[in-house]
Amino acid sequence: MYLNQPVLLSPGPTPIPDIVNHYLTLPMIGHRTESFQKILHDVSKGLAPIFGTDQPVVILAGSGTSALETAMVNTVDKDDHIVVIVSGAFGNRFKKIAEAYHYHLHVFEIEWGKALDMTAFMSFYNQLTQPIKAVFTQLCETSTTVIHPIEQIGHYIKSIDDNVLFVVDGVSIIGAYDMDMSRDKVDILVAGSQKALMLPAGMGFVAYTAESRKKIASSKSDKFYFNLSLYIDKLFDDTTPFTPPIGLIQSIRGMLEIVESEGFENTVKRHYACRDGLRSALKALDIPLFVDDKDASPTVTAIVPIQTEINIIKSRLLSDFNITIAGGQAHLKGKILRIGHMGYVTPFDMLKVISALEIILSDIRGKSYLGKGLTAFQEVISCIK
Ligand SMILES: *Cc1c(COP(=O)(O)O)cnc(C)c1O
């Protein structure tokens, strides 16, 4: 096959802009220097509006899961009862962390591929007899590609008890979503670097509000490296308790420059344009979508091709066109495919995967799809201002 540029459309890791790579490779500097303190100050403040808070965002050396665990051990004590919303592989991750720490766990299960239904959740929550310390959920459940109504969840659980902590995993959507922690009554919001934030893998982020900072400070549970209050207190002195991932933190400057020049509102719009154009194209190609339009994440789209097409699509996208997409996780392995469109991905990058799909499908279905998906895509994109 002739040369094709690699196109990475996975729901993490995602492509890295040159400017981010540039900052990543700058000469190493000491972390107890004024220059590093200034960088840390700027990037932790620069991340705040992307997370929808006015507090500087804590940066951990670790993947997204380190931020999930940090959020949990800094809100929950051994004897506490907590609720974990499980709608896919990453809800299960929260559940497993809770099990590892032997918390009293109440799981609200949602069928994979569906968004949380408030009526069902309220009746589940109402019948809990123990006081609940914290509620954990994903905003985007990456394994199924739905987004959950966190604003409604936040308002509901706080209306029952204002002290309950609301912890949201936004790993695969922060950077692509109009987030506002106060509006949605979120106390802790976590993310990872390698998804919609167009950064290299290796950083976990933890955002909080001025209000929740006090609640975090009162946490008495056992912890050492992931003591969130310690990170927050140090961050207010523009420093970190331990050696931070210096190069990675410098690379955030590149991401912030891109977001600043694009305008964050446009960054968000770009993700929705990818989603809407892609979904319309997939429908035109007779490829069933896994989740309803109203629940679909702006960052990743799942399709349910028939069994005989599923492996061919994924492997030929890679072998013939150098396009990487993802399969399903857990019991969805071999059942769905996921096309990531988060971070440094633009609507016109969707054209490549759509046109490659047209060629593959025309070949295996023995009928021409050429131009069908592209036309549907253009019809959507040309209407977006
Ligand atoms: C990717 C992801 C994580 C964290 O995964 P890591 O491999 O630890 O970075 C957590 N939650 C969601 C929703 C994710 O998409």
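This passage describes one helix pair and two buried residues in a predicted model. Local features were accepted at pLDDT of at least 70 and side-chain atom pairs only at pLDDT 80 or more, whereas totals for chains, interfaces and linings use all residues. Residues are numbered from 1 along each chain as its sequence is written, and side-chain values use heavy atoms, with hydrogens and water left out.

The axes of helix α3 (residues 64-73) and helix α4 (residues 89-100) come within 10 Å and cross at roughly 50°, axes being lines fitted to C-alpha atoms, for helices over the stretch in contact, with angles from 0 to 180 degrees between N-to-C directions. Helix α3 is therefore oblique to α4, a class left over once angles under 35 degrees (roughly parallel), over 145 (roughly antiparallel) and 65 to 115 (roughly perpendicular) are set aside. The contact (heavy atoms within 4.5 Å) is made by T65, L68, E69 and M72 of α3 and by R93, F94, I97 and A98 of α4.

Helices and strands are DSSP runs, helices (H or I) of at least four residues and strands (E) of at least two, numbered from the N terminus. V58 is found in strand β2 (residues 58-61) and, at 2% relative accessibility, counts as buried, that is, under 20% relative accessible area with a 1.4 Å probe and protein chains only. Leaving out residues up to four places away in sequence, V58 touches G204, F205, V206, Y208, L228, Y231, I232 and L235.

T142 lies in the loop between β6 (140-141) and β7 (146-147) and is likewise buried, at 5% relative accessibility. With residues up to four places away in sequence not counted, T142 touches P11, F90, S172, V300 and R338.

Note on methods. Buried < 20%, exposed > 50% of the residue type's maximum accessible area, 1.4 Å probe, protein only.
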